[in-house]
Amino acid sequence: MRKKSTYIILIVILLLFFLIVFYFFGLDSLKKENDHTTLIVGNRTIWTLENRKWKMVPVEYFNNYSWKKFRVFLNQEEKGDYDLWFDEDWYFFDNNKKSVLLDGDLLAYQSNHDVDVYPFEIEDIANLNLVYSYLDEKGISTNDFTSFYQIPFDFDNDSYTEMFYVLSNAFPVDFLPNEIFSLVFMEKNGIIYPIYTDISKSEVFNGCKPYFYSFLDIDMDKKSEFILSCSGYSVSSTTDMLYQFSNGQFQIIVSNQ
Ligand SMILES: [Ca+2]
Ligand SMILES: [Ca+2]
C-alpha cells in the first residue's frame, strides 16, 4: 500500500512540474502554433495564417468564405460582426441574414484572438530636407509628384511617433517625367527604413501608386503590422502587401501576387 501511494505522489509531483514548465515556457509558443487568422482586404485579397505561415487565397476560392462571420472594419473603423457573401464584391448580412449596406475600404478578419486595427491620418510633409535628400540619394530630382505626404504613427508602441512617408509620381497627368518612381519609407531617430522602392523608366501606364491601406496588430504583440497597397491603372492590378518589422527592417510577410 505504502509503495502505491509513493508512486501516486511522485506522479503528481512530476505532473505539476511539467504543468509549471509548460505554463512558463510552452504557452506562448503553443499559442503561436495554434494561431489561425483569415484576413480579407477589399474585394481582391484574402490571406490566411495556419501553422505560422501566411498564404494567399486565390480569387476562385473566395466563395469558400461566404456565409461566414467576420469582424468588419471600414476605413479603419469597427462596424461589428457580419456574415459575408462574395460575388465579385463582398456583401454583408446581420444575424437575421438581412442584407446590410456598408461602404468603404474593407478590412475583415476571423481569428482565435483579437486583431487591433488603428486609425491613422495623412499630413503634409514637414521635414522637406529629409525627403529631398532621400530623393537625391535615389538619383531623383523633381518637384512633380502625384503622392507627397506623411503619416505619423507609433507602430512599435514605444510612445515615440515614427514618421511614414509616401512619395510617388505614378500616373502623371500634367507633366511628363523621364522616370516613374514610388518611394515609401519610415524615419525613426534620423534613420530611414525603406518600405517600398520602385524606380523605372517612364512608359505608358507603368508603375503603381502606393498607399497605406491599414495599420493593424495581427499577432497581439501590441506592435503594429501594416498593409501597403499599390494601385495600378486597372483595379485588378492592385497589389496588397502585409508588412512586419523584423530584424531591423520591414519585410513583406504575404502579398496577393
Ligand atoms: Ca514608436
Ligand atoms: Ca504585431
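**Two antiparallel sheets in the predicted model**

Phe-92 has Val-100 of strand 7 as its bridge partner. This is a predicted model, in which local features need pLDDT of at least 70, side-chain atom pairs count only at pLDDT 80 or more, and totals for chains, interfaces and linings use all residues. Residues are numbered from 1 along each chain as its sequence is written, while chains are lettered from A and ligands numbered from 1 in the order in which they are written.

Strand 7 and strand 6 (residues 89-93) are joined by two bridges in the antiparallel sense; strands (E, at least two residues) and helices (H or I, at least four) are DSSP runs numbered from the N terminus, and two strands pair if DSSP finds at least two bridges between them. Both belong to an open, antiparallel sheet of eight strands, ordered 3-2-1-8-4-5-6-7. Strand 3 (53-56) and strand 7 (99-100) form its edges, each pairing on one side only.

An open sheet of four strands, also with antiparallel pairing, follows the order 10-11-12-13. Because strand 10 (147-153) and strand 13 (191-201) each have a single partner strand, one side of each is left without a neighbour in the sheet. From one strand to the next, the twist averages 5 degrees; axes are lines fitted to C-alpha atoms, for helices over the stretch in contact, and angles run from 0 to 180 degrees between N-to-C directions.

Strand 10 and strand 11 (residues 162-168) run antiparallel and share seven bridges, with Tyr-149 opposite Val-166 of strand 11. Helix 2 (residues 128-137) packs on this sheet, touching strand 11, strand 12 (179-188) and strand 13, where contact requires C-beta atoms, placed from the backbone, to lie within 7 Å. The direction of helix 2 makes about 50 degrees with that of strand 11.

Note on methods
Contact = placed C-beta atoms within 7 Å.
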